[in-house]
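Please open the structure in your viewer and keep the selection tool at hand. The stops below say what to select next and what is there.

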Amino acid sequence: MTGARDAQGSSLPDADRLTSFGRFLRGTSLDELPELLNVLKGEMSLVGPRPLLVQYLQRYTPEQMRRHDAKPGITGWAQVNGRNALTWEQKFALDVWYVDRQSLRLDLKIIAITVWKTLRREGINQPGQATAEEFKGTITRAAS
């Protein structure tokens with residue numbers, strides 16, 4: 001990404017700062033390869049909920065926080081079911097679904113689907129975003 005800024009000095013949106021090489025890396029998911037080092041160090045798994053920014057932690061609902069009951073992964077159930085084309089709430093629901101159903105069989109299925117989806121370049125970004133918009137929290141409504 002470039003360091004491009006607007007007239008007020010604020011960083012431009014990721015989509016506006018992404019170089020053609022950066023678009024290529026993201027489009028082919030090659031930008032994820034360095035995370036293999038984290039897998040080898042035992043900090044991550046191949047499959048699990050994608051790690052998110054630490055600043056999002058305080059914005060999770062208790063149910064969304066359950067995604068941390070599994071080791072983070074390079075790919076996961078939310079990635080093979082829509083990736084960045086999903087809403088944050090959909091991603092979190094899929095992450096928690098995975099946490100509740102973890103198994104070797106499911107992990108192998110996710111890896112196989114990941115290869116397919118990567119080749120097809122599906123769900124890489126939300127419209128107007130390099131990846132996805134910032135997670136600002138889930139609005140919960142009181143039961144009536």
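A residue is called buried when its relative accessible area is under 20%, exposed when that area is over 50%, and partly exposed in between, with a 1.4 Å probe and protein chains only. This is a predicted model, in which local features need pLDDT of at least 70 and side-chain atom pairs count only at pLDDT 80 or more, while totals for chains, interfaces and linings use all residues. Residues are numbered from 1 along each chain as its sequence is written, and side-chain values use heavy atoms, with hydrogens and water left out.

**The whole chain**

Begin with the entire protein chain, where 34% of the 144 residues count as buried. Its secondary structure comes to 7 helices and 2 strands, in the order α-α-α-β-α-β-α-α-α along the sequence; helices (H or I, at least four residues) and strands (E, at least two) are DSSP runs, numbered from the N terminus. If you colour by pLDDT, the predictor's confidence in each residue from 0 to 100, the chain averages 83, with the lowest mean, 70, in helix α1 (residues 14–17) and the highest, 96, in α6.

**Helix α6 and V99**

Next select V99, which is found in helix α6 (residues 88–101). V99 counts as buried because its relative accessible area is 11%. Leaving aside neighbours within four places in sequence, V99 is in contact (heavy atoms within 4.5 Å) with P49, R66, R67, D69 and A70. Add K71 to the selection as well: its C-alpha atom is separated from that of V99 by 9.3 Å, although the two residues are 28 residues apart along the chain.

**A network of charges**

Side chains of opposite charge can pair when their charged atoms come close. A salt bridge here is a side-chain nitrogen of Lys or Arg within 4 Å of a carboxyl oxygen of Asp or Glu, and the whole structure has 5 of them. Select R66 with E63, whose closest N and O atoms are 3.1 Å apart in a salt bridge, and then add D100, which forms a salt bridge with R66 at 2.2 Å between the closest N and O atoms. The pair of D100 and R66 links distant parts of the chain, since D100 is in helix α6 and R66 in the loop between α4 (62–65) and β2 (73–75), 34 residues apart. Through shared partners, salt bridges join E63, R66 and D100 into one network.

**Q79 and R83**

Move on to Q79 in helix α5 (residues 77–80), which is buried at a relative accessible area of 18%. The side chain of Q79 reaches the backbone nitrogen of G76 at 3.0 Å. Then select R83, in the loop between α5 and α6, which counts as buried at 16% relative accessibility. Most residues other than glycine have a negative phi, and most peptide bonds are trans. The phi of R83, however, is near 55 degrees, a positive value.

**A patch on the surface**

Which residues form a nonpolar patch on the surface? Select F21, F24, L30, L33, L36, L46, L104, L108, I111, V115 and L119, which together have about 1100 Å² of accessible area. The elements that give two or more residues to the patch are α2 (20–27) and α7 (104–120), and the largest share, 5 residues, comes from α7. Finish at L104 in helix α7, which is exposed, with a relative accessible area of 65%. Such patches are made of residues with over 30% relative accessible area and no salt bridge, like charges being joined within 9 Å and nonpolar side chains (Val, Leu, Ile, Met, Phe, Trp, Tyr) within 5 Å; accessible areas come from the Shrake-Rupley method with a 1.4 Å probe, and for residues only the protein chains shown count as cover.

Note on methods. Polar contact = N/O pair within 3.5 Å; in protein donor to acceptor, adjacent residues only side chain to side chain.
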